[in-house]
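Please look through the structure below with two topics in mind: one helix and its surroundings, and then the ligand.

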Amino acid sequence: MENSVIKISPLPREREPGEIEAPVNVYYPATASKILFDKNILATIQYASESGADDCDAQALEVNLPCLSSTPYQEIWYAPHSVSEGRRGNISYRHTGDILFGTIQLKESDFSSLEDCTFQCYRDILNLIHELGYSSLLRLWNYFSDINSEAEEIERYKSFCVGRHKAFSIIPDFERYLTAASAIGAHAQGTFLVYFIAAKNPGVQIENPRQISAFHYPDQYGPRSPSFTRAMLKNWRKVSQLFISGTASIVGHQTLHADNVLQQLDETFKNLQSLLDHVREVHQLGIRKLDEITSLKVYVRHKEHYPLIEENMQKYIDKDVPVLFLQGEICRTDLLLEIEGLANIRR
Ligand code: 3EB
């Protein structure tokens, strides 16, 4: 075991561990095999790895999206302090006193429908965070198969949105509690995976001036609107974090440049820049350039587009910014890519 443990050295853009006070993610080569689950790890994420995650640990997640880069990466989430762990029903979690990282993996076949699976999942999350006192969601990730397929005459993404909306709308004035998210079609059939970060004290909801709030999309995109905000800003003592939701080539509520991957890339970066400009101007956050984003994840619908996208990334961001390229299905069939990120900004 000893020799398969990865030495945890410099955290992203942080050379002094004492200053870390927020959850941070790092990408490591997946070939480095198993990560020692020490007291500072919230979760590890393997991407479609053949090696298999450590299935003894509920916080060792496997997200079934092929990693497109020649060196496959895994992701590790670190806590600022040592963690305690727990489990309640289907939800496993690690928490520090300030933050909670929760994971849920469900089998859709245990539910009557994807809508019901989503509803119960979100109802359980909302109950759990409320009971444990981490009542402020900061960020949610959703992965399930066949996101664009139709089942009972409705696209599965839309059924997911209905179930999620049903669970959130139990809360009075629920739009005030929506949070940053991604929802991606993964390839493990029938597996419904959600992981999330919640805190004791609230973050700030951020919308994008170039885009209509997703929770106000017109009903042509589904009977219930998608329950997420464009980003979530969390101010810790010394650091601010901007959790950026999956962002695509959507302006207003419409997809632009259907079938043109490079134009979609350009429009997506315009949306990301507009989000940064907005948080800087409205929330006095010291972030100006896309390069200041700590890490990015690019979901690519067709793997053939990966070389082109990768080659063109440098037009927008510095080579030093860690980017994970994953093949996954985006929730609108005309979207070819989606980009999410996290910016850790020292105040
Ligand atoms: C969009 O802007 C693209 O349903 O949780 C991005 C991020 C998208 C999150 C979600 C959907 C979600 O509408 C799709």
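In this predicted model, eleven of the 13 residues of α2 are buried, so this helix is largely enclosed by the rest of the structure. Buried here is a matter of relative accessible area, with the cut-off set at under 20%. The residues of α2 that meet this criterion are Arg156, Tyr157, Ser159, Phe160, Cys161, Val162, Gly163, Arg164, His165, Ala167 and Phe168. Their packing partners are one helix, α1 (114-132), and the strands β8 (136-145), β9 (150-151), β10 (154-155), β11 and β12 (191-199). From its first C-alpha to its last, α2 reaches 18 Å, which is close to the 18 Å expected for its 13 residues at 1.5 Å a residue.

The helix also leads to the ligand, since α2 (156-168) and β11 (180-186) each supply at least two residues of the shell around the ligand, and β11 gives the most, with three residues. Of the 13 residues that surround the ligand, Tyr157, Arg164, Tyr217, Arg230 and Cys331 come nearest. By class, this shell is made up of eight nonpolar, two polar and three charged residues.

Three side chains can then be followed to oxygen atoms of the ligand. In arginine 164, a residue that is also among the buried ones of α2, a side-chain N or O atom lies 2.7 Å from a ligand oxygen, and the corresponding distance for the side chain of tyrosine 217 is 2.7 Å. For the side chain of arginine 230, the distance from an N or O atom to an oxygen atom of the ligand is 2.8 Å. Taken alone, the ligand exposes 360 Å², and the protein buries 99% of that area.

Methods: Residues are numbered from 1 along each chain as its sequence is written. This is a predicted model: local features need pLDDT of at least 70, side-chain atom pairs count only at pLDDT 80 or more; totals for chains, interfaces and linings use all residues. Side-chain values use heavy atoms; hydrogens and water are left out. A residue is near a molecule or strand if one of its heavy atoms lies within 4 Å of it. A polar contact is a pair of N or O atoms within 3.5 Å; within protein, one must be able to donate a hydrogen and the other to accept it, and residues adjacent in sequence count only if both atoms are side-chain atoms. Accessible areas come from the Shrake-Rupley method with a 1.4 Å probe; for residues, only the protein chains shown count as cover. Helices (H or I, at least four residues) and strands (E, at least two) are DSSP runs, numbered from the N terminus. Ala, Val, Leu, Ile, Met, Phe, Trp, Tyr, Cys and Pro count as nonpolar, Asp, Glu, Lys and Arg as charged, and the others, Gly among them, as polar. The expected span of a helix is 1.5 Å times one less than its number of residues. Buried means under 20% relative accessible area, exposed over 50%, partly exposed in between (1.4 Å probe, protein chains only). Contact means heavy atoms within 4.5 Å.
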